[in-house]
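Student: Could you take me through one part of this structure closely, and then show me how it sits in the rest? I would like one connected account.

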There are 2 protein chains.
Amino acid sequence: MWPTDRLQKLLGIEHPVLQAPMAGASTPAMAIAVANAGGMGALGCAMMSAEQLRAAAVEVAAGTTRAVNFNFFVHEEPDLAKHAAEPMHEALKPYYADYGLGEPVAPKAGAPSFDDEILEALLACAPKVASFHFGLPKAHVVEALKRAGAKLIGNATNVTEAKALEVGGMNAIVAQGAEAGGHRGAFFGAPHENDMGTMALVPLVVDAVRVPVIAAGGIFDGRGVAAAFMLGASGVQIGTAFLRSPESAAAVLHKQALAGTPDNATKLTRLFSGRPARSISNRLVRELAAHEADAAPFPTQRAVIAPLAKAAETQGSADFMQLWSGQAGLRAEAAPSAEIFRRICDEALALLR
Amino acid sequence: MWPTDRLQKLLGIEHPVLQAPMAGASTPAMAIAVANAGGMGALGCAMMSAEQLRAAAVEVAAGTTRAVNFNFFVHEEPDLAKHAAEPMHEALKPYYADYGLGEPVAPKAGAPSFDDEILEALLACAPKVASFHFGLPKAHVVEALKRAGAKLIGNATNVTEAKALEVGGMNAIVAQGAEAGGHRGAFFGAPHENDMGTMALVPLVVDAVRVPVIAAGGIFDGRGVAAAFMLGASGVQIGTAFLRSPESAAAVLHKQALAGTPDNATKLTRLFSGRPARSISNRLVRELAAHEADAAPFPTQRAVIAPLAKAAETQGSADFMQLWSGQAGLRAEAAPSAEIFRRICDEALALLR
């Protein structure tokens, strides 16, 4: 028995364990596997066009009748006019040259922030759950999705953000500790100064809001799940643990890097996307450490690094690849998502008995 | 009932909750209060001369017959010959001038690392428990203290350090998550790259060593204590929660800063001492952020900042004071240490029932 059923009732799930959306690594197959195992499966839709979103939703619906969480980015659109591209350009020249890629490419806009075209496509999918990273969706988005019956989840890295998300209509809040892999969802204050760990963050957020709180960051087995409940969370969100599963779309080199991660080997870096995200440290992260502040604004930095990452990958190297990982990435298991999910739930339930 | 009594038996305590040593803020009165309440009281002795250590031990012995933990620093002695003092000197000039202090002082050695004179004084106190920060004490120190019947505790910020401490003879290991206030105890790798949070660190360390693990970092009430046990810890170490107690020697301005800390306001900084330590962000931390790398090696940077801190304090300002605080510093209570200790234990025991 879970200590509380708040999240189960809210989201229509059996176990209060959410698979993190992980845009680029999650797949309909992963979301389906977790949903059918009784958890909250999720699909990271931030990089999808409206057409791709529709197709993915059709695929999900064919695999499960259960609720699945569709996740989007609601970051502020970058202003490249304010960005000095020269220092990063110069720093990357030798690397581009090494791979025969010519001049480093300029930062350019990638996937846009959540907009009305995506909203329309999402509403057409009749979503039961939607979640947002990097802030609060616009008021008309919240209203439209709630009217359509969707439950909404926001992501907070500190107490101020959590309060803003509750006031803005979120039905549940992920309290994302700094241990978490991938992007910090911070939206108040400098993102790189938001470094609260799960142990401190979760109880502070629990005390500050009335909606259910979902603990995220550093949780990789049943012990972390049980600990999160002791901290007052109503559930947990787990990402990295699923990255090596067959349902994960993470690159082969990414999966290998996770398996071989030495102790204490991840780092929050802006170098891959322009926003702080936790990756296994690799050549790019190490050698360009002094250029963290020169990264182009999110997500335009992606375009700057992508050619290097691709060229290296072709040669079998993850030297420039974004190797998203939480701080316990070395514990990610090469097992089916449903099996990982069930093991974690079983361990937690045994501890919480 | 606590889930395990490993630490209670090892250290001769009733409740597996350790008061963090906090050199400069802990006092014999605090250690006595916690010890007599059934916990592990501690005295931070890193800044004490042999004479001061003897006097403090006499004071402690007069207040309690229970075990108290004597804590020391075992950092590598700094090599100032390798340090370029000019950038920090230049950066501090305007601040020194503002306070009429003349030229910034040069870095200089402060309290030495644990040495044989202190060892002799410590042995004369017949310590039941001693603990060490920033590494492993020398082999003859471990041997002498164990022969004298003392139990030894080391501090790890990652798995590699934890294994080294176990091999080196430590009887228990503090797994110090990045949420913790004051100095990161890291000694393998660049200290500022050791950023593992308590939620990820504790279970990884528990799986890697056979000695009892003590969780530290971000724990401020019974919820954190209960969570630590779920993670596999045999006990917890709590510091910041005691900083506002009447037994705390923290400066009045430090206590006020804790009470008024806004959300998410601490930062790991090298500016105060030369090693990464978590402080409430203040004017020094903010305005000299770009000079983190220019700090003199630990602990010689202390001498550089001390005159500024003192001058500002005299004028009622904490602008340059080291305001050590964990990430939940705003929850520190202005209550007697024994009362804080009992509340935390009661809350945890209720959750763990």
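Tutor: Happy to; what follows starts from a single glycine and works outwards.

Please keep in mind that this is a predicted model. The glycine is Gly326(B), which lies in the loop between helix 12 (301-314) and helix 13 (337-352) of chain B. Is Gly326(B) buried or exposed? Gly326(B) has 30 other C-beta atoms within 10 Å, and a residue counts as buried once 20 or more lie within that distance, so Gly326(B) is buried.

Which residues does Gly326(B) touch, leaving aside its neighbours within four places in sequence? In chain B, the contacts are Glu179(B), Ala180(B), Gly181(B), Gly217(B), Gly218(B), Gly239(B), Thr240(B) and Arg278(B). From chain A there is Ala200(A). For a sense of distance, take Ser131(B): it is 195 residues from Gly326(B) in sequence, and their C-alpha atoms are 20 Å apart in space.

Two of those contacts lead somewhere useful. Let us follow Arg278(B) to begin with. Arg278(B) is in strand 11 of chain B and is the bridge partner of Gly182(B). Strand 11 covers residues 277-280, and two bridges join it to strand 7 of chain B, with the two strands running antiparallel. These strands belong to an open sheet of three strands in chain B, ordered 7-11-10 and paired antiparallel. At its edges are strand 7 (182-183) and strand 10 (266-269) of chain B, each pairing on one side only. In general, strands of a sheet pair through backbone hydrogen bonds.

The contact with Ala200(A) points to the other chain. Between the chains, 34 residues of chain A are in contact with 34 residues of chain B. On the chain A side, helix 7 (159-167), helix 8 (198-208) and helix 9 (222-230) each supply at least two residues. The chain A residues that touch chain B comprise 14 nonpolar, 14 polar and six charged.

Now for the wider setting, beginning with chain A. Its secondary structure amounts to 13 helices and eleven strands. The radius of gyration of chain A is 19 Å, close to the 20 Å that the globule rule gives for 353 residues, so chain A is as compact as a globular protein of that length. Its C-alpha trace spans about 60 × 45 × 40 Å along the principal axes, and 60% of its 353 residues are buried. Of the contacts in chain A between residues at least 6 apart in sequence, 68% join residues at least 24 apart.

Helix 2 (residues 28-36) of chain A gives a local example of burial: seven of its nine residues are buried. Among them are Met30(A), Ile32(A) and Val34(A). The cover over the buried residues of this helix includes strand 1 (17-19), strand 2 (41-44), helix 3 (50-63), strand 3 (68-73) and helix 13 (337-352) of chain A. After helix 2 of chain A comes Gly38(A), with a positive phi near 105 degrees.

Back in chain B, helix 2 (residues 28-36) and helix 3 (residues 50-63) have axes that come within 9 Å and cross at roughly 30 degrees. That crossing is right-handed. Helix 2 of chain B contributes Pro28(B), Ala31(B) and Ile32(B) to the contact, while helix 3 of chain B contributes Ala56(B), Glu59(B), Val60(B) and Gly63(B). By class, these residues are five nonpolar, one polar and one charged.

Technical notes:
Residues numbered from 1 in each chain as written. Chains lettered and ligands numbered in written order. Predicted model: local features only at pLDDT ≥ 70, side-chain atom pairs only at ≥ 80, totals over all residues. Helix = DSSP H or I, 4+ residues; strand = E, 2+ residues; numbered from the N terminus. Rg over C-alpha atoms; globule rule 2.2 N^0.38 Å. Buried ≥ 20, exposed ≤ 12 C-beta atoms within 10 Å, placed from the backbone. Contact = placed C-beta atoms within 7 Å. Nonpolar A, V, L, I, M, F, W, Y, C, P; charged D, E, K, R; others polar. Pairing = 2+ DSSP bridges. Axes fitted to C-alpha atoms, helices over the stretch in contact; angles between N-to-C directions. Left-handed = near helix turned anticlockwise from the far one by under 90°.
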